[in-house]
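Names for spaces and contacts in a protein can seem arbitrary. Here each name is put to the test.

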Amino acid sequence: MITLYAAMDSPFPHRVLLALEEAGATYDIIWIDLMNKEEWFEKKVNPAGGKVPFLVYGGPKLHPGEAPSTDAVRISESRVILEFLADIFPAAHLLPSDPVLRARARRFITTVDEKLIKTLVGFLFLGALLENLLAILEELQAVLPPTGFVVGDWSIADACFIPALVRVRSWLEAAMGNYTLEVAKEGVKALHSPRFARLQKYYDDAKARPSTEKTWNEKEVKLSFARRMDRFYKTGIVNSELRIPVPSA
Ligand SMILES: N[C@@H](CCC(=O)N[C@@H](CS)C(=O)NCC(=O)O)C(=O)O
């Protein structure tokens, strides 16, 4: 029995959903509304910050409001969960067997986490320059092989990258975030330009993948993100760890 606690607009649980689909796993999802988080989630399920994703492995079927059984395995942090899934579903090859490719996949994930995610938050909420975001995407593009996914075959490195990439494209196209319409247009134009030709192909391949088709609910993600931006403009809350003075209109 696998249960994933997830939230719609967050790219982190999306990583795990992709890997579960790629593994052909049978699993339950319990959706957490981060804009209106119910107490039970932090109290009974994930006391370490009440963050998603959170995975429960083993134990009986879970319902919202219930605590997982104490003998079930409980794991937080998307990257750790992805490695766990790679271990328990070896036939799915979520990580390649070649140590060099495994190292490359993990290095790529580190760049996504340490650079792309941070820059994306800065761009969406805090006025960071579009060019900063484009520069990181270019850096990631530069290590992609000529064809295929991050290390050739699909791996957990793609699970980490695809949720951020599809969101960047979608949010820029809809000009969602704390930046001007002109900046949004500039971003869309750049991503379709020859500068990002390899990334465009990667994006097309990622979008065509059944795991992405099944898990990328663009309409719902946009609705959820709109609520998040609304909260930001009213309260200055960027995420559970960062709050700034209420931004001026
Ligand atoms: N490093 C964590 C990040 C997870 C994370 O930050 N999740 C956010 C959603 S984007 C969350 O659950 N925040 C709790 C809240 O907003 O209350 C991971 O990779 O799983």
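The turns below go from the pocket to the ligand, then to the cavities and the backbone.

Q: What kind of model is this?
A: This is a predicted model.

Q: How much space lies in the largest pocket, and what makes it a pocket and not a cavity?
A: About 1,000 Å³ of space lies in the largest pocket. A pocket is an open set of points, whereas a cavity is a set from which the 1.4 Å probe cannot get out. Of the 34 residues that line the largest pocket, the closest to its centre are Phe-12, Lys-51, Arg-228, Asn-239 and Glu-241.

Q: Which elements give two or more residues to the lining of the largest pocket?
A: They are α1 (11-22), α3 (78-88), α4 (99-125), α6 (156-173) and α10 (218-235). The largest share, 7 residues, comes from α4.

Q: How do you know which domains the lining of the largest pocket draws on?
A: Look at where the residues come from. Domain 1 (2-92) and domain 2 (99-243) each give at least three residues to this lining.

Q: How does the lining of the largest pocket divide into nonpolar, polar and charged residues?
A: There are 14 nonpolar, 8 polar and 12 charged residues in that lining.

Q: What makes a residue one of those around the ligand, and which residues are they?
A: A heavy atom of the residue must lie within 4 Å of the ligand. The residues around the ligand are Ser-10, Phe-12, Leu-34, Lys-37, Gly-50, Lys-51, Val-52, Pro-53, Glu-77, Ser-78 and Ser-240.

Q: Why does the pair between the ligand and the side chain of Lys-37 count as a polar contact?
A: An oxygen atom of the ligand is 2.8 Å from an N or O atom in the side chain of Lys-37. The cut-off is 3.5 Å for a pair of N or O atoms, so this pair is a polar contact.

Q: What makes the pairs at Val-52 and Glu-77 polar contacts too?
A: At Val-52, a polar backbone atom is 2.8 Å from an oxygen atom of the ligand. At Glu-77, an N or O atom in the side chain is 2.8 Å from a nitrogen atom of the ligand. Both pairs are within 3.5 Å, so both are polar contacts. The protein covers 84% of the 510 Å² of accessible area that the ligand has on its own.

Q: How many cavities of 30 Å³ or more does a search of the whole structure find?
A: The search finds 2. The largest cavity holds about 70 Å³ of space. Of its 13 lining residues, the closest to the centre are Met-8, His-14, Leu-17, Arg-167 and Thr-215. α1 gives the most to this lining, with 3 residues. By class, the lining has 8 nonpolar, 4 polar and 1 charged.

Q: Which residues line the second largest cavity?
A: Leu-165, Arg-169, Leu-191, Phe-196, Leu-199, Gln-200 and Tyr-203 line it. The elements that give two or more residues are α6 and α8 (197-208). The most come from α8, with 3 residues. The volume of the second largest cavity is about 30 Å³.

Q: What is omega for the peptide bond from Val-52 to Pro-53, and is the bond cis or trans?
A: Omega is near 5°, and the bond is cis. Pro-53 sits in the loop between α2 (39-45) and β3 (54-57).

Q: What is phi of His-93, and is the value positive or negative?
A: Phi is near 50°, a positive value in a residue other than glycine. His-93 is in the loop between α3 and α4.

Key. Residues numbered from 1 in each chain as written. Predicted model: local features only at pLDDT ≥ 70, side-chain atom pairs only at ≥ 80, totals over all residues. Heavy atoms only, no water. 1 Å grid on protein atoms, 1.4 Å probe; cavity = no way out; pocket = protein on both sides within 12 Å on 5 of 7 lines; lining within 4 Å. Points joined across faces, edges and corners; volume = space filled by probe spheres on them. Helix = DSSP H or I, 4+ residues; strand = E, 2+ residues; numbered from the N terminus. Nonpolar A, V, L, I, M, F, W, Y, C, P; charged D, E, K, R; others polar. Domains from an automatic or database assignment. Polar contact = N/O pair within 3.5 Å; in protein donor to acceptor, adjacent residues only side chain to side chain. Areas by Shrake-Rupley, 256 points an atom, 1.4 Å probe, with all protein chains shown as cover.
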